[in-house]
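Welcome! Take a moment to look over the sequence and the 3D view, and then try each task before reading its solution.

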Amino acid sequence: MTRILTRAALVLLAVLIAAYVLLPILVIFPMSVSENGFMAFPPEGFTWDWYRSLSTDPTWFASAGQSLTVALASAALSVVLGTLAALALVRGRFPFRRLALLAMLSPLIVPYVIVGLAVYIAFLKVGLTETPLGFVLVHTCLGVPYVMINVSAGLVSVDRRLEMASMNLGAGPVSTFMRVTLPAILPNVLAGALFAFITSWDEVVVAIFLSGPGMTTLPVKMWSGIRVEIDPTLAAVSSLLLLVLIGTFLLTGLARGIQRLLARRSSVNLDHSGV
Amino acid sequence: MSQNTTDSRPDDQAGASINVEKVRKQYGATTVLDDVSLDIRAGEFITLLGASGSGKSTLLNIIAGFTKADGGRVHIGGRDLTKVPAHRRGLGMVFQHYALFPHMTVFDNVAYGLRRHGTAKSAISGLVAEALEMVELGHLAKRKPSELSGGQQQRVALARAIVFRPPVLLMDEPLGALDKLLREQLQLEIRRLHQDMGITFVFVTHDQEEALTMSDRIALLQSGNIVQIGSPSDLYERPNCRYAAEFIGVSNIFSGECRDGVFDDRINGAQYRLGSAASGQALMVRPERLAVRPGIALSEPEDNAVEAVVEDCVYLGSFRTVHARTSGGDLVVARTDVPRGEDGVHPGAKVTLTWKIEDGRVLA
């Protein structure tokens with residue numbers, strides 16, 4: 001009896017926490033379909049107008065496209081650099097290793113405002129503000145630590161004997177990394193890539209410094225949008241972004257579920273194999 | 001003990017000799033290998049035997065090319081490979097805990113070495129099938145390692161190591177993770193593989209029984225030095241030091257001094273005659289060389305004898321062990337036949353332990 005009560009209490013607590021975390025986000029959707037011309041809660045009536053106006057405004061799509069390009073490019077670069085850095089820091093024996101680690105992690109520690117200001121001043125001189133390249137360079141910097149932390153965790157648990165076996169069988173260091181080490185740490189690499197992508201995708205502080213008429217990423221456009229006009233178009237954009245995010249999570253969850261199902265089936269096969 | 005035959009081996013020299021010359025390895029202040037030299041003949045089955053920390057695995061890793069020696073040279077098949085990286089040495093190796101690639105099928109695991117060595121695609125599947133047949137796993141080629149039992153995984157690891165016909169097969173405690181029955185079965189299979197292939201096997205283990213069963217020769221290591229090297233019977237019958245005698249098999253060791261062809265055991269107040277002139281502070285007799293006679297029996301002229309009181313008799317089916325305490329406090333173990341009836345050897349009984357003069361061995 002007490003066990004049931006404890007369980008019920010636990011479930012209730014979980015639901016409450018989930019509501020606390022999610023409600024402020026989910027409030028966006030009702031606002032985006034409200035007939036009220038100002039973003040307001042509770043919503044009044046129901047209309048798709050704000051989505052319609054969004055679809056007729058090409059600047060939103062331009063920003064979204066620029067954000068996506070920057071996020072994809074910086075995630076890709078972060079994966080390459082972060083993985084290499086993790087390899088060096090986990091496997092390497094060189095002086096100032098801890099100092100190098102700290103330097104690599106500093107983008108996580110230094111406030112984005114400071115990074116933004118410093119980069120802005122530097123980039124102005126070389127003309128990199130308001131350019132995709134400038135954004136990619138900075139966001140890669142912010143993404144590398146996430147990849148590095150994830151990949152390091154994976155590398156530590158890789159069985160070195162697998163790599164030794166590969167070398168013993170005639171594969172050189174690079175070949176061994178691609179064929180044996182990388183498959184083993186792939187989940188960590190992908191997790192790092194996801195973090196790096198999201199970091200770039202919704203990064204707003206540094207982006208404000210670098211944005212201008214020449215280039216504006218989506219978060220900056222949203223931020224400046226709400227300062228100029230507070231109609232629910234912004235809520236519509238946010239809702240769409242949320243939808244994409246939820247879709248991604250559902251897809252990864254589904255993929256993982258299928259994987260587990262397949263694993264279980266093959267282990268069932270094993271039970272029948274005898275020997 | 002098995003017969004360590006050499007006559008069933010193919011004549012063509014498929015194996016390579018290995019010459020380890022004054023190899024030295026240090027980790028910080030600890031000397032793991034202390035100028036070790038070892039000549040391994042082409043085609044022989046040699047076991048590096050030792051307790052953990054003796055340096056046996058380090059020596060194997062230096063031969064494999066995974067560990068860099070601080071000094072010395074390694075020649076394999078007459079070539080100096082000291083500076084050649086592991087992936088260009090072309091040696092086969094079986095690792096502790098198998099080290100199969102978890103994301104590949106059994107087939108791909110075994111084919112891995114062939115592909116890296118640039119074997120023609122058309123030849124690969126035939127060679128892999130042949131290697132899997134040798135370890136009787138042909139039907140499991142499409143499985144993943146996680147779907148195999150420990151014994152099957154070890155067989156795959158063997159197939160993967162021999163498929164490209166290396167001149168040398170290195171094995172690092174390959175049977176350590178298996179249960180006793182499976183281990184004994186695989187020991188015989190590995191010996192059979194050795195005889196079929198005729199290549200050089202270097203086997204690392206801490207299990208002296210395994211070493212005796214499998215090897216042509218055993219190199220016994222102790223804290224970075226080879227203390228004795230020889231055939232299993234050399235090491236068992238003629239250990240050259242107390243460590244070797246105690247590490248391999250069960251041994252009864254009396255302390256004392258050699259004087260004029262006689263070993264003076266002061267602790268037990270006895271004198272033992274020696275077969276040949278020797279010097280040393282210990283006399284060793286193996287349990288199966290001891291005879292147990294009830295009461296205080298006069299020994300035959302060709303025997304040595306010591307009196308003792310039986311503490312325990314253990315019946316083990318095909319034989320019996322008698323544990324007896326001498327007057328000086330030494331615990332002596334004798335291994336005897338099981339008597340048909342009561343033979344007067346039971347706990348508390350006074351007995352005389354005798355052995356032939358030539359069965360006693362003086363140790364330094």
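Three exercises follow, each with a worked solution.

The model is predicted, so to speak of local features pLDDT of at least 70 is needed, side-chain atom pairs count only at pLDDT 80 or more, and totals for chains, interfaces and linings use all residues. Residues are numbered from 1 along each chain as its sequence is written, chains are lettered from A and ligands numbered from 1 in the order written, and side-chain values use heavy atoms, without hydrogens and water.

**Exercise 1. Describe the largest pocket and its lining.**

Step 1: The largest pocket holds about 1800 Å³ of space. On a 1 Å grid over the protein atoms alone, a pocket is an open set of points where a 1.4 Å probe fits, with protein on both sides within 12 Å along at least five of seven lines; lining residues have an atom within 4 Å of a point.

Step 2: Its lining has 49 residues, and the closest to the centre are Leu194(A), Ile198(A), Leu245(A), Thr248(A) and Phe249(A).

Step 3: Among the elements of chain A that give two or more residues are α1 (2–26), α9 (173–201) and α12 (233–273). The most comes from α12(A), with 18 residues. Helices (H or I, at least four residues) and strands (E, at least two) are DSSP runs, numbered from the N terminus.

Step 4: Sorted by class, the lining has 35 nonpolar, 10 polar and 4 charged residues.

**Exercise 2. Check the span of helix α5 of chain A, then find its kink.**

Step 1: Helix α5(A) covers residues 97–109, which makes 13 residues.

Step 2: The expected span is 1.5 Å times one less than the number of residues. For α5(A) that gives 18 Å, and the end C-alpha atoms are 18 Å apart, so the two agree.

Step 3: A kink of about 30° lies at Ala103(A), shortly before the proline Pro107(A). The bend is the angle between axes fitted to the seven residues ending at a residue and the seven starting there.

**Exercise 3. Which strands of chain B pair with β17(B)?**

Step 1: Strand β17(B) (residues 303–315) pairs with β20(B) (residues 350–356) in the antiparallel sense over 7 bridges. Two strands pair if DSSP finds at least two bridges between them. Here Asp303(B) stands opposite Lys356(B).

Step 2: Strand β18(B) (residues 320–326) also pairs with β17(B), in the antiparallel sense over 7 bridges. Tyr315(B) stands opposite Arg320(B) in β18(B).

Step 3: The hairpin of β17(B) and β18(B) has 4 residues between the strands, and there Gly317(B) takes a positive phi near 85°.

Notes: Points joined across faces, edges and corners; volume = space filled by probe spheres on them. Nonpolar A, V, L, I, M, F, W, Y, C, P; charged D, E, K, R; others polar.
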